[in-house]
Amino acid sequence: MGSFRRPSVQANAVVLALAEEPATWRYGYELCQRLDLKAGTLYPVLMRLADRGLLEATWEREVPAGRPPRHRYRLTGPGRVLATELTAGPPVRPA
């Protein structure tokens, strides 16, 4: 059985940023700017979140002439659940 690791602070920030408009596709570059993360930090986070089924990633379909296609990202159902849990804060333990 594989072990489950909690998402990193950066991963949580990505999930929360995407949760602001969960149906909207976002580009990595946009997330880098918004979260003040370097590409070398962000893209591995995006790949891990996608591997865990929390994000869906797809190539851009309509690409303007002269520019290569880019990946787009948005939350999946489980990613939205995680975002809800993150905004709710840590669980309260009974006294």
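This passage describes the fold, the core, the first helix and the charged pairs of a predicted model.

The chain contains 4 helices and 3 strands. Read from the N terminus, these elements follow the order α-β-α-α-β-β-α. Of the 95 residues, 26% are buried. The accessible surface amounts to about 6,900 Å², and carbon and sulfur atoms account for 55% of that area. When contacts between residues at least 6 apart in sequence are considered, 53% of them join residues at least 24 apart.

The largest nonpolar core comprises 18 residues, and the members that touch the most other members are Val-14, Leu-42, Leu-46, Leu-49 and Leu-55. Two or more residues are given to this core by each of helix H1 (9–19), helix H2 (28–35), helix H3 (39–51), strand S3 and helix H4 (77–88). H1 supplies the largest share, with 5 residues. Val-14 illustrates how the core is joined: leaving out residues up to four places away in sequence, Val-14 touches Leu-35, Leu-42, Val-45, Leu-46 and Leu-49.

The buried residues of H1 are Ala-11, Val-14, Val-15, Ala-17 and Leu-18. These residues lie on the same side of H1, because the arc they cover around the axis is only 165°. In an α-helix there are 3.6 residues a turn, so residues three or four places apart point the same way. The cover over the buried residues of H1 includes strand S1, H2, H3, strand S2, S3 and H4.

Strands S2 and S3 can be followed through two of their residues, Trp-59 and Arg-72. Trp-59 belongs to S2 (residues 55–59), and Arg-72 belongs to S3 (residues 71–75). Although these two residues are 13 residues apart along the chain, their C-alpha atoms are separated by 6.1 Å. Trp-59 has a relative accessible area of 48% and is therefore partly exposed, as that class ends at 50%. Apart from neighbours within four places in sequence, Trp-59 is in contact with Pro-69, Arg-70, His-71 and Arg-72. Arg-72 has contacts of its own with Trp-25, Arg-26, Tyr-27, Glu-56, Ala-57, Thr-58, Trp-59 and Glu-60, again not counting residues up to four places away in sequence.

Arg-72 is buried and has no salt bridge. The nearest side chain of opposite charge is that of Glu-60, at 6.3 Å. A salt bridge requires a side-chain nitrogen within 4 Å of a carboxyl oxygen, so the separation of 6.3 Å between Arg-72 and Glu-60 does not qualify.

Elsewhere, charged side chains do pair, and the structure holds 6 salt bridges. Side chains of opposite charge can pair when their charged atoms come close. One of these salt bridges joins Arg-34 to Glu-20, with the closest N and O atoms 2.2 Å apart. This pair links distant parts of the chain, as Arg-34 is in H2 and Glu-20 is in the loop between H1 and S1 (26–27), 14 residues apart. Arg-34 is partly exposed, with a relative accessible area of 43%, whereas Glu-20 is exposed, with a value of 52%.

A second pair is formed by Glu-30 and Arg-26, whose closest N and O atoms are 2.9 Å apart. Glu-30 is partly exposed at 30% relative accessibility. Arg-26, by contrast, is buried, with a relative accessible area of 8%. Glu-21 also takes part here, as a network of salt bridges links Glu-21, Arg-26 and Glu-30. Arg-26 is also among the residues touched by Arg-72.

A further salt bridge connects Arg-70 with Glu-60, the closest N and O atoms being 3.5 Å apart. Both residues lie in the loop between S2 and S3, so the pair ties together parts that are 10 residues apart in sequence. Arg-70 is partly exposed, with a relative accessible area of 33%, while Glu-60 is buried at 9% relative accessibility. Each partner also takes part in contacts described above: Arg-70 is in contact with Trp-59, and Glu-60 is touched by Arg-72.

Terms used. Residues are numbered from 1 along each chain as its sequence is written. This is a predicted model: local features need pLDDT of at least 70, side-chain atom pairs count only at pLDDT 80 or more; totals for chains, interfaces and linings use all residues. Side-chain values use heavy atoms; hydrogens and water are left out. Buried means under 20% relative accessible area, exposed over 50%, partly exposed in between (1.4 Å probe, protein chains only). Contact means heavy atoms within 4.5 Å. Accessible areas come from the Shrake-Rupley method with a 1.4 Å probe; for residues, only the protein chains shown count as cover. Lys and Arg count as positive and Asp and Glu as negative; His and the chain ends are not counted. A nonpolar core is a set of buried Ala, Val, Leu, Ile, Met, Phe, Trp, Tyr and Cys residues joined through side-chain atoms within 4.5 Å. The arc is that of the directions from the helix axis to the C-beta atoms.
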